There are 2 protein chains.
Amino acid sequence: MQRMDLAAQIRPGATGTAELVVDESHTAPRVGSGRVHVLATPVMINLIEAAALAACEKLLPEGHQSLGTLLNVRHVAATPVGMRVRAMAEVIGVDGRSIRFRVEARDENELIGDGTHERVVVNVAKFDARVQKKLSRGGGAMTAVGVIGLGSMGGGVAQSLLRAKFETHVVDVRAEVVKTFVEQGAKAAATPAALGAVCEVVVVLVVNAEQTEKVLFGEHGATAAMKKGAVVVSSATLAPDVAEQLGARLAERGLLMIDAPVSGGAAKAASGEMTIMASGAPEAFAKCENVFKAIAAKVYRLGERAGQGSKVKMINQLLAGVHIAAACEAMALGIRAGADPKTLYEVISNSAGSSWMFQNRVPHILAGDYTPLSAVNIFVKDLGIVLDTARKFAFPLPLTAAAHQLYLAAAAQGHGLEDDASVVKVYAELAGLELPKRTA
Amino acid sequence: MQRMDLAAQIRPGATGTAELVVDESHTAPRVGSGRVHVLATPVMINLIEAAALAACEKLLPEGHQSLGTLLNVRHVAATPVGMRVRAMAEVIGVDGRSIRFRVEARDENELIGDGTHERVVVNVAKFDARVQKKLSRGGGAMTAVGVIGLGSMGGGVAQSLLRAKFETHVVDVRAEVVKTFVEQGAKAAATPAALGAVCEVVVVLVVNAEQTEKVLFGEHGATAAMKKGAVVVSSATLAPDVAEQLGARLAERGLLMIDAPVSGGAAKAASGEMTIMASGAPEAFAKCENVFKAIAAKVYRLGERAGQGSKVKMINQLLAGVHIAAACEAMALGIRAGADPKTLYEVISNSAGSSWMFQNRVPHILAGDYTPLSAVNIFVKDLGIVLDTARKFAFPLPLTAAAHQLYLAAAAQGHGLEDDASVVKVYAELAGLELPKRTA
């Protein structure tokens with residue numbers, strides 16, 4: 001395993017610079033222009049701080065995880081489009097436990113800041129230890145891990161496992177996709193059963209409950225061949241009761257299960273930084289510890305029973321789905337009423353009407369770019385699961401039902417495979433609105 | 001006027017400490033235990049940074065605006081309940097333009113941080129200048145300002161004006177409320193007309209369009225007596241077309257108008273830190289500059305025509321109203337499905353399903369505390385305005401309509417005057433759910 005003393009490689013007095021721009025043609029909270037990559041998840045920071053971190057990152061040895069990752073700083077809070085921050089970082093001290101930087105970050109167009117901000121950013125105790133942990137991911141005896149389903153999420157998991165030097169077995173119905181992973185070092189299994197026979201942990205990342213059923217219990221299904229005590233990590237979005245039943249059936253066969261729905265999208269899956277909303281027995285978590293380190297930035301442990309992870313994921317999807325549809329309804333009405341859409345975005349992103357999804361998806365509308373990061377059909381499916389589950393309880397969900405109808409309307413209009421912000425087209429087509437055009 | 005050289009009062013080497021705790025019994029993103037007040041609006045920071053700022057604030061002379069205000073750092077991002085941060089700040093440098101602090105902030109229970117964070121926090125160029133500007137609020141010739149309507153928002157505006165030493169005239173139908181303001185130094189007017197006769201700026205903060213019409217154009221209405229060139233600041237929530245018509249009618253009488261709907265709630269109004277979504281002629285803004293400095297932390301200038309401010313406010317209210325109802329629907333389903341409500345809150349606050357309102361209102365549900373910060377009936381009214389406006393355009397709003405029905409259902413159940421998070425009771429009463437009980 002790769003192991004190194006990070007501190008020994010960092011030279012006091014070294015300086016680095018970074019420039020971050022909130023790029024109009026892109027999802028705004030994603031900070032870019034391709035110059036610096038700032039990861040996007042929960043903890044909010046401002047662009048000033050993001051630039052400061054980016055400058056610090058320049059001072060780390062090549063191939064390291066980003067400082068942002070190490071510091072759990074992932075999400076750049078709502079920031080005006082066009083905002084530009086330049087930062088300079090200097091290493092002012094290094095010891096066994098930490099690295100100190102001094103940073104000057106300047107909000108070039110003074111959109112949120114007041115000119116020059118200076119801080120010595122971020123001496124994190126345990127920093128070095130944590131870097132070591134990241135570098136030694138997967139250290140010790142290597143578990144054989146299987147991935148069933150090599151779509152955008154499962155493919156990312158397989159990549160992350162390969163990067164962490166796991167013995168990675170893969171299976172997918174598409175031979176050409178399997179081939180690309182074999183070229184990267186994965187071992188192709190002919191069937192889920194063949195994969196199950198040789199793996200201690202099997203990650204199932206197929207599309208839905210039906211496919212999960214098939215790859216685990218169908219003809220040549222994995223469970224027929226898995227050894228007792230092996231773990232199924234069930235990561236397709238399942239209704240909580242389906243996840244619960246799955247856990248019981250696996251237990252009957254002497255197998256462990258982690259109910260482990262994921263979020264974060266394809267980019268996070270590829271970089272090994274998904275969020276996992278997980279529940280399962282402690283012994284199952286123990287067996288998956290290194291696997292989760294390789295594939296996830298955050299693992300919420302939500303209980304010991306299958307179904308508990310899926311419940312939290314279901315509620316999150318309910319809100320995410322309603323919020324995207326609400327963002328589309330709001331922007332469409334605003335445009336109809338003659339408000340400037342960019343101004344709406346900028347003011348509301350900083351007001352009580354904001355949501356994570358408003359901040360993330362409205363830039364797609366402003367840019368006229370409906371390239372699917374997550375497609376309309378995903379929410380046709382996921383809100384369908386929410387509604388079906390609630391129906392079993394005879395529990396009414398008027399907002400979720402209305403949102404689901406909007407995704408169905410978008411799919412009916414032919415936008416099912418486009419970005420989920422295409423829900424705005426339902427309103428546009430009904431009311432003859434002109435939406436922002438795609439910029440070159 | 002109070003004027004001072006802030007830098008001269010700050011002693012290098014001075015130290016201050018602060019402790020911030022995210023208090024379970026309170027709205028979580030509000031940081032408290034009464035020890036330190038961190039203001040809550042747009043720009044997101046983490047609790048570490050908030051504690052650092054709070055410690056720095058201890059080093060400022062008494063009576064100053066908080067550093068948070070000066071730095072435009074207002075909102076503490078979603079943070080685990082129970083999180084505790086201790087910070088120590090030291091003044092390390094003062095010059096004519098800035099103050100430098102070194103800060104050590106420790107995430108005591110290591111919920112989001114990694115132990116000790118150290119930074120030299122925040123040398124803001126223009127800092128001193130900005131302090132001077134805050135201190136000199138209302139400097140120069142004092143404008144006579146009128147406030148019509150002394151409810152929670154209008155009363156806060158009157159307090160802020162009095163604090164900034166404006167000659168403040170007030171009128172309200174409730175004599176006992178007027179009396180309390182007279183005791184604080186306000187001048188009581190017998191009618192809106194009497195107030196209009198002596199004021200250069202008249203802030204109208206009554207409940208709705210009908211009352212706005214009455215106090216401006218009804219019997220003894222203000223406009224009959226106002227001098228040409230005086231400004232009406234119209235801050236009740238009005239439909240955009242109503243605001244537009246109001247501007248035209250005032251212009252006919254030689255009066256200026258700022259379409260100035262407000263947000264931020266009663267606490268922000270009282271501390272002079274509302275957000276104003278404003279449109280109007282540059283000359284109107286020029287006349288209101290000092291008034292706005294006294295009553296608002298943030299003024300968005302959204303155009304020169306009446307109606308433009310109200311459009312943005314309307315879209316913000318649409319989203320705020322839908323998001324509160326969605327938060328209630330989600331939490332209710334989660335409880336019905338057997339998920340732990342606190343866990344739901346903590347995970348989703350940090351996930352793609354989060355919204356400003358989810359973070360702000362769900363703690364009321366968790367605490368079983370429906371003391372109205374903003375009442376159900378406010379959204380009965382505001383979403384009504386949104387729906388009425390859209391109906392004039394023949395524009396469908398399925399989500400807003402569903403959310404409005406939920407506020408109406410809550411009002412029908414007798415919860416109209418309770419906190420708007422009471423929408424969760426609609427679901428609870430329909431489905432026989434047990435919601436979290438009020439803790440003592």
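# A guided look at a predicted model

Let's begin with one residue: Ser354(B) sits in the loop of chain B that links α12 (341-349) to α13 (356-367). Keep in mind that this model is predicted. Ser354(B) counts as buried because its relative accessibility is 4%, under the 20% cut-off. Its contacts, leaving aside residues up to four places away in sequence, come from both chains: His323(A), Ser355(A) and Trp356(A) on one side, and Ile348(B), Ser349(B) and Gln359(B) on the other.

**Chain A as a whole**

- Chain A contains 16 helices and 16 strands.
- Of the 440 residues in chain A, 63% are buried.
- Among the contacts in chain A with a separation of 6 or more, 68% are between residues 24 or more positions apart.
- Chain A has an accessible surface of about 16100 Å², and carbon and sulfur atoms supply 52% of that surface.

**Strand β11 and its neighbours in chain A**

- Which way do the side chains of β11 (residues 201-204) point? Val201(A) and Val203(A) point one way, Val202(A) and Val204(A) point the other way, and all of them are buried.
- On one pairing, β11(A) runs parallel to strand β8 (residues 144-148) of chain A, with 4 bridges between them. Here Val201(A) in β11(A) stands opposite Val145(A).
- β11(A) is also parallel to strand β12 (residues 231-234) of chain A, again through 4 bridges. In this pairing, Val201(A) has Val231(A) of β12(A) as its bridge partner.
- To get from β11(A) to β12(A), the chain passes through helix α7 (residues 209-217) of chain A, making a right-handed β-α-β crossover.

**The nonpolar core**

- The largest nonpolar core has 110 residues. Leu333(A), Tyr407(A), Leu333(B) and Tyr407(B) are the residues with the most contacts inside this core.
- Tyr407(A) touches many residues beyond those up to four places away in sequence, including Ala320(A), Ile324(A), Val376(A), Phe379(A), Leu383(A) and Val423(A). Asp420(A) is also one of the residues that Tyr407(A) touches.

**Cysteines without a partner**

- A disulfide is a covalent bond between the sulfur atoms of two cysteines.
- How many disulfides are there over all chains? The count is 0.
- Cys199(B) is in no disulfide, and the nearest cysteine sulfur, that of Cys288(B), is 12 Å away. That is too far because a disulfide needs sulfur atoms within 2.5 Å.
- Cys288(B) is likewise in no disulfide, with the sulfur of Cys199(B) as its nearest cysteine sulfur.
- Cys199(B) is buried at a relative accessible area of 2%, and Cys288(B) is buried at 0%.

**Two residues with positive phi**

- Most residues other than glycine have a negative phi.
- His220(A) has a positive phi of about 55 degrees, although it is not a glycine. His220(A) is in the loop between α7 and β12 of chain A, and it is partly exposed, with a relative accessible area of 48%.
- Lys165(B), also not a glycine, has a positive phi near 70 degrees. Lys165(B) belongs to the loop between α4 (152-163) and β9 (167-171) of chain B. Is Lys165(B) buried or exposed? Lys165(B) is exposed because its relative accessible area is 59%, over the 50% cut-off.

**A helix residue in chain B**

- Asp388(B) is part of helix α14 (residues 376-392) of chain B.
- The relative accessible area of Asp388(B) is 44%, so this residue is partly exposed.
- Measuring from C-alpha to C-alpha, Asp388(B) and Ser351(B) are 34 Å apart in space, and they are 37 residues apart in sequence.

Key. Residues numbered from 1 in each chain as written. Chains lettered and ligands numbered in written order. Predicted model: local features only at pLDDT ≥ 70, side-chain atom pairs only at ≥ 80, totals over all residues. Heavy atoms only, no water. Buried < 20%, exposed > 50% of the residue type's maximum accessible area, 1.4 Å probe, protein only. Contact = heavy atoms within 4.5 Å. Areas by Shrake-Rupley, 256 points an atom, 1.4 Å probe, with all protein chains shown as cover. Pairing = 2+ DSSP bridges. Right-handed = clockwise from strand over helix to strand, strands pointing away. Core = buried A, V, L, I, M, F, W, Y, C linked by side-chain atoms within 4.5 Å.
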